[in-house]
Amino acid sequence: MGGTVWAWFMAGYPPVAGIENKTLWRIDAAIATHDAPAFTVTGPAGLHGRLNWGPTEHGGSTWNRPGREFGTGLLFPGAGCWDVHVKLGRLAADVYVVVG
């Protein structure tokens, strides 16, 4: 299904392995839903990252992107290319993140 997913890494890009990075997400699903998004974080050699907290919906901000805004605390345990899989309603997207 159509839609968009945007990610803003608040501590800068690229994120650093082993250090939590507050990340803002704007998610615009083609079909509206009031559910929270689900996140799966998979890295090199099958490593699994995690959310230390969130997703927490924000009422709004000055970040001008379409969709609902959520905050998360992403933690990547190792360097490399990571896949953050985001699912909200029928929208499924992958955000590939290079971690230093």
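The radius of gyration used here is taken over C-alpha atoms, and the globule rule sets the expected value at 2.2 Å times the number of residues to the power 0.38. The structure is a predicted model, in which local features need pLDDT of at least 70 and side-chain atom pairs count only at pLDDT 80 or more, while totals for chains, interfaces and linings use all residues. Residues are numbered from 1 along each chain as its sequence is written, and side-chain values use heavy atoms, with hydrogens and water left out.

**Exercise 1. The chain as a whole**

Task: Work out what the radius of gyration of the protein chain says beside the value for a compact globule, and list the secondary structure elements.

Solution: Begin with the rule, which for 100 residues puts a compact globule near 13 Å; the protein chain has 13 Å, so the two agree. Next take the extents, where the C-alpha trace spans about 35 × 25 × 20 Å along its principal axes. Then turn to the elements, for which helices (H or I, at least four residues) and strands (E, at least two) are DSSP runs numbered from the N terminus. The protein chain has 0 helices and 7 strands, and from the N terminus on its elements run β-β-β-β-β-β-β. Finally consider contacts, meaning heavy atoms within 4.5 Å: of those with a separation of 6 or more, 61% are accounted for by residues 24 or more positions apart.

**Exercise 2. A three-stranded sheet**

Task: Establish the strand order of the open sheet of 3 strands, and follow its pairings residue by residue.

Solution: Two strands pair if DSSP finds at least two bridges between them. By that criterion the open sheet has the order β3-β6-β7, with antiparallel pairing. Its edge strands are β3 and β7 (91–99), each of which pairs on one side only. The twist averages 20 degrees from one strand to the next, where axes are lines fitted to C-alpha atoms, for helices over the stretch in contact, and angles run from 0 to 180 degrees between N-to-C directions.

Now take the pairs in turn. β3 pairs with strand β6 (residues 80–88) over 5 bridges in the antiparallel sense; Phe39 stands opposite Val86 in β6, and Thr40 opposite His85 in β6. The antiparallel pairing of β6 and β7 runs over 9 bridges, and Leu88 has Leu91 in β7 as its bridge partner. The hairpin of β6 and β7 has 2 residues between the strands, and in it Gly89 takes a positive phi near 60 degrees.

**Exercise 3. The core and Thr72**

Task: Identify the residues with the most contacts inside the largest nonpolar core, and then decide whether Thr72 is buried or exposed.

Solution: Buried means under 20% relative accessible area, exposed over 50%, and partly exposed in between (1.4 Å probe, protein chains only). Buried residues make up 35% of the 100 residues in the protein chain. A nonpolar core is a set of buried Ala, Val, Leu, Ile, Met, Phe, Trp, Tyr and Cys residues joined through side-chain atoms within 4.5 Å. The largest one has 17 residues, and those with the most contacts inside it are Trp25, Ile27, Phe76, Val84 and Val97. At least two residues of this core come from each of β2, β3, β5 (68–75), β6 and β7. In soluble globular proteins, nonpolar side chains tend to be buried together.

Thr72 has its place in strand β5, and its relative accessible area is 0%, so Thr72 is buried. Not counting residues up to four places away in sequence, Thr72 touches several residues, among them Trp25, Phe39, Leu51 and Trp53. The side chains of Thr72 and Trp25 are joined by a polar contact of 2.9 Å; such a contact is a pair of N or O atoms within 3.5 Å, of which, within protein, one must be able to donate a hydrogen and the other to accept it, and residues adjacent in sequence count only if both atoms are side-chain atoms.

**Exercise 4. Loops and backbone details**

Task: Classify Thr33 and Ala45 as buried or exposed, and locate the cis peptide bonds that precede Pro14 and Pro55.

Solution: Thr33 lies in the loop between β2 (21–29) and β3 (38–42), yet Thr33 counts as buried because its relative accessibility is 17%. Beyond residues up to four places away in sequence, Thr33 touches Arg68, Leu88 and Gly89. Ala45, in the loop between β3 and β4, counts as exposed because its relative accessibility is 87%. Phi of Ala45 is near 55 degrees, a positive value in a residue other than glycine.

For the cis bonds, one joins Tyr13 and Pro14, with omega about 5 degrees, and Pro14 lies in the loop between β1 (3–9) and β2. Another joins Gly54 and Pro55, with omega about 5 degrees, and Pro55 lies in strand β4 (residues 50–58).
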